[in-house]
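Please work through the following exercises with the sequence and the coordinates at hand. Each task is followed by a solution in steps.

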Amino acid sequence: MISHLPTGVAVDVARHGGEEAPSEPVPKPVVGGNYDLDDTVFEALPIDGTTVTSARSYGMSLWGHTAKITARLPDGMKVNYFLKSVSLGDLGRTMIEGEFESLKALNAVSPEFCPEPYDWGKFQKLDTYFLLAQFREVGEQPPDPIKFTARLADLHKRSISPTGKFGFHITTCHAKLPQITDCWEESWAVLYKKQLAHMIRLDEEKHGIWPEFQEVCVLTLEKVIPRLLEPLQSEGRSIKPCLIQGDLWDENTATDMDTGEPFVFDAGSMYAHNEYEIGNWRAPRHRLSNKAYVRNYKRNFPVSEPADEWDDRNLLYSLRFDLGTAVLIPGCNQRQVVLEGMVALCLKYCREDLLAARKGRTDSGAFADYTVDGAGDEEEEEEEEEEEDGK
């Protein structure tokens with residue numbers, strides 16, 4: 001199924017917001033026709049005296065344009081740059097500046113894991129914002145699970161929040177959706193509640209009010225989040241604010257064709273609970289939902305206490321990403337997926353409140369005949385699947 005964005009960009013719903021992982025490999029980026037460079041881009045080149053020899057479109061972006069710039073340095077060495085441009089007015093500025101600051105933070109901690117950003121700015125001739133960064137040739141997507149998860153866990157472990165709190169110094173975006181990141185919170189539960197509430201508002205603005213959905217959204221925000229996330233920072237427990245990529249799905253990860261090492265890009269970062277990063281992997285629409293990725297990540301970064309609630313936290317974190325997909329991708333089924341996930345959590349952690357909210361309603365909807373599996377099923381699955389990936 002193909003939907004079309006207002007910009008005219010075709011979106012393959014099965015690839016970006018389907019109900020199962022695509023069976024075909026991720027399409028490789030293709031070098032296309034000439035890309036006209038604005039004078040501002042020449043000024044942004046990191047080394048004076050660099051001569052651009054070509055600029056060609058490269059790959060695709062759902063919300064803008066991307067290009068590969070080939071240039072020659074003053075000493076004669078050939079070098080490539082990556083250019084991304086977005087023409088969405090003030091939103092485009094937020095997207096580009098947020099991505100620049102995200103890449104800058106990631107590259108500072110793990111330069112081998114993230115391309116170096118050089119500059120960002122606004123074209124002189126168009127209402128368009130651009131990002132100029134190091135070019136890396138995209139190979140296998142997603143990368144090998146052992147190498148990739150080891151590098152990701154290392155990033156999370158070595159990163160240090162400049163304030164010791166959760167948040168970021170600027171607004172970053174998930175695709176073209178601004179996130180609640182421009183703040184600093186001692187409590188991760190407080191920041192995640194802000195994040196999820198913001199996504200719920202964006203969903204209501206796009207799809208309208210759905211009373212059944214509103215009921216479980218309120219309970220998730222007011223009951224489930226405190227119940228599941230406050231224990232992470234109580235009774236002597238603590239979690240470290242970790243720098244995350246922020247939108248980690250199949251096509252924002254790759255193997256570098258030159259080095260054979262994994263890297264990430266197209267980031268919307270913040271300092272968060274490290275487990276939040278892999279909430280996006282729960283969705284079966286991603287290749288990263290393969291258990292090998294989750295299993296190997298957990299081997300490199302042990303789960304937080306209470307450990308037996310890891311799977312429920314993972315479900316809770318997945319809601320934010322699924323809602324983002326529902327807002328961004330026309331024709332996908334993620335709103336229903338979010339509803340079902342919220343119902344499952346509410347039945348487990350605030351059943352009486354949910355039943356009270358449902359009292360008097362005549363429609364059964366998503367609440368009928370629901371059962372909730374107990375926590376800890378992940379461990380059993382891990383044992384059963386240990387031989388599948390040979391790890």
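The exercises below concern a predicted model, and they pass from the whole chain to a sheet and then to single residues.

**Exercise 1. The chain as a whole**

Task: Determine how many helices and strands the protein chain has, and what share of its residues counts as buried.

Solution.
1. The secondary structure of the protein chain consists of eleven helices and 16 strands.
2. Of its 391 residues, 53% count as buried.
3. The accessible surface amounts to about 17200 Å², and carbon and sulfur atoms account for 49% of this area.
4. For contacts between residues at least 6 apart in sequence, 69% join residues at least 24 apart.

**Exercise 2. A sheet and the helix across it**

Task: State the order of the six strands in the open sheet, and identify which strands stand at its edges.

Solution.
1. The order of the six strands is E3-E4-E5-E6-E8-E7, with antiparallel pairing.
2. Strand E3 (31–34) and strand E7 (117–122) each have a single partner strand, so they stand at the edges, and one side of each lacks a neighbour in the sheet.
3. On average, and ignoring direction, neighbouring strands of this sheet are turned by 30° against each other.
4. Within the sheet, strand E6 (residues 78–86) pairs with strand E8 (residues 129–134) in the antiparallel sense over six bridges. Lys84 stands opposite Leu131 in E8.
5. Helix H3 (residues 89–109) lies across E6, E7 and E8, and runs at about 165° to E7.

**Exercise 3. Two acidic residues**

Task: Establish whether Glu277 is buried or exposed, and do the same for Asp258, buried or exposed.

Solution.
1. Glu277 is located in the loop between strand E16 (270–272) and helix H7 (291–300).
2. Glu277 is buried but has no salt bridge. A salt bridge would require a side-chain nitrogen of Lys or Arg within 4 Å of a carboxyl oxygen, whereas the nearest side chain of opposite charge, Arg320, is 9.9 Å away.
3. Apart from neighbours within four places in sequence, the contacts of Glu277 are Leu152, His156, Ile244, Gln245, Gly246, Asp247 and Leu248.
4. Asp258 belongs to the loop between strand E14 (253–255) and strand E15 (262–264).
5. The relative accessibility of Asp258 is 69%, and therefore Asp258 counts as exposed; the cut-off for this class is over 50%.
6. Asp258 and Arg136 are separated by 122 residues in sequence, yet their C-alpha atoms are 7.9 Å apart in space.

Conventions: Residues numbered from 1 in each chain as written. Predicted model: local features only at pLDDT ≥ 70, side-chain atom pairs only at ≥ 80, totals over all residues. Heavy atoms only, no water. Helix = DSSP H or I, 4+ residues; strand = E, 2+ residues; numbered from the N terminus. Buried < 20%, exposed > 50% of the residue type's maximum accessible area, 1.4 Å probe, protein only. Contact = heavy atoms within 4.5 Å. Areas by Shrake-Rupley, 256 points an atom, 1.4 Å probe, with all protein chains shown as cover. Lys, Arg positive; Asp, Glu negative; His and termini not counted. Pairing = 2+ DSSP bridges. Axes fitted to C-alpha atoms, helices over the stretch in contact; angles between N-to-C directions.
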